[in-house]
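Colleague: I am new to reading models like this one. Could you take me slowly through a single part, the open sheet, and what surrounds it?

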Amino acid sequence: MADEQLLDKIRSLSDLELATLLCLVAREHCLIGTLPDYVDELAEELCLVASKTFNLTHAIINCHSHATLDEFATGLLVPQPARGGPPSPTYTRSASPYHLRHEPSSTTGGPSSSGGSYFPSSAPPSRPGAFSPRIGPAAIVPSSPSTTTHQPAQQPQIANFILAKNLHLAPRAVQIQALELLRTRRIFTRTSVQTAPKQFLFIAIIGAPSPTQARVTPHLNDFFYLSHWHDAEKDGLDHLDAELSRPDDNISVASSDSIIKRSSSGLGPLPDHEPVPQPYMTEDDISLLSQLTTLACVDVDVLRYQMNVVSHLRIHRAVVGGVTPQATRCLAYLCKSLAALHGLGFVTASLVGLAVRKVYGHRIVMVGEGRMMERERSVQWGSEGEAVGVVMGGWGVEEVVEDVLRMVVVPA
């Protein structure tokens, strides 16, 4: 059982921080949906969550219908600090959301730090718009960060947090490459094999009108551990609002660039006006929660209730797919993780209901989607598809989950 100090930390986390924490504990990945107008703000908020709450690196990938595999692989990488010395201020300070908002639009978003090259500083410079045979278009490579001249930079590595904005718009080949990255935790580039770090979280940020429409390709969709819908108007963006309310937020990007130039001109790094903030949730906290998750017990009655919910979801007349064995495995582990986060050593029925909503929200395929109406059982027995469609028109994923949870008897 977690100590009271850790439980107090968990209780103070926001919904986005809890979703990312659950994924880090399970070493899985998640899908977060929001309205299309708030995709950029949500990505900025998750960047601040990565840097302030977990002290982990992050990178943003802007996906679109013409994205290439080279652009996807390049966007995963972030520069590493120089060897043999302390990291430059570029790596120790979190990125300002104003930089993200005013950075030039490109086909692929790089790391949300204030600059940084994806490749070593020893690489020869390229003309704007020129094509590099190793990394693709040179226009997507940002300028080199400010580093000391006597310390060579290390090879870029995959960031801890990968934020794929509008991944559902990317070509199928790119989404399959993302699935391969999540499955093997490595990706092949033109010159090397990049391995994901120990703390690795891939978040697909999907802009959609409703939670049920925030999805990607079927196989990649099933691989995501859980899904979460964030209403920015209702739930807010805590870190981003706090960052925007700081008195020094009016500093322009140009002044930020001048600071970087000062560090690279031989004057040395700027003096630290404030200590580097420690992560709110440390790696030891995540490891402890992972151990408590494996130790959580499941009573036979609760396990039967869990399996009954899965079975009723499979046979529901409005469901034609999505209740997969992968989803069942994720449901079992998420129930134990929620018990650990609540300070319990056992799983309760209420935690099962909460986990079902998060695991199956993006997986369930309804009869009304596409040409699935012909697979509805009444249609297979001779009913007219239009009549059945009218009857089933009011059913959605949330309604199906709530109907099943009301139908299955809760253990005493």
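Modeller: Happy to; here is a walk through the sheet, then one of its residues, then the cores and the salt bridges. Keep in mind that this is a predicted model.

Let's begin with the sheet. Five strands make it up, in the order E2-E7-E10-E1-E11, with parallel pairing. The sheet is open, and its edge strands are E2 (58–62) and E11 (226–229), each of which pairs on one side only. From one strand to the next, the twist averages 20 degrees.

Now zoom in on one edge. Strand E2 pairs with strand E7 (residues 161–165) in the parallel sense, over five bridges. One residue to find there is Lys165, which is found in strand E7 and is the bridge partner of Asn62. The side chains of these two residues are also joined, by a polar contact of 3.0 Å.

Is Lys165 buried or exposed? Its relative accessible area is 11%, so Lys165 counts as buried, since the cut-off for buried is under 20%. Leaving out residues up to four places away in sequence, Lys165 touches several others, among them Val39, Asp40, Ala43 and Ile205.

Next, the nonpolar cores. In soluble globular proteins, nonpolar side chains tend to be buried together. Here the largest nonpolar core has 75 residues, and those with the most contacts inside it include Leu21, Phe54 and Tyr360. Helix H14 (residues 325–341) gives this core its largest share, nine residues. A second, separate core has 32 residues, including Ala59, Ile61, Cys63 and Ala164. For a closer look at Phe54, its contacts beyond four places in sequence include Leu21, Phe161 and Pro279.

Helix H14 turns up again when we look at charged pairs. The structure holds twelve salt bridges, and one of them joins the side chains of Glu28 and Arg329 at 3.4 Å, N to O. Glu28 lies in the loop between helix H2 (15–26) and strand E1 (30–34), while Arg329 is in helix H14, so the pair ties together parts that are 301 residues apart in sequence. Glu28 is buried, with a relative accessible area of 12%, whereas Arg329 is partly exposed at 43%.

For contrast, try a pair within one helix. Asp301 and Arg304 meet in a salt bridge of 2.9 Å, N to O, and they are separated by about one helical turn because they are three residues apart in helix H13 (residues 300–315). Asp301 is partly exposed at 33%, and Arg304 is partly exposed at 46%.

Key:
Residues numbered from 1 in each chain as written. Predicted model: local features only at pLDDT ≥ 70, side-chain atom pairs only at ≥ 80, totals over all residues. Heavy atoms only, no water. Core = buried A, V, L, I, M, F, W, Y, C linked by side-chain atoms within 4.5 Å. Buried < 20%, exposed > 50% of the residue type's maximum accessible area, 1.4 Å probe, protein only. Helix = DSSP H or I, 4+ residues; strand = E, 2+ residues; numbered from the N terminus. Contact = heavy atoms within 4.5 Å. Pairing = 2+ DSSP bridges. Axes fitted to C-alpha atoms, helices over the stretch in contact; angles between N-to-C directions. Polar contact = N/O pair within 3.5 Å; in protein donor to acceptor, adjacent residues only side chain to side chain. Salt bridge = Lys/Arg side-chain N within 4 Å of Asp/Glu carboxyl O.
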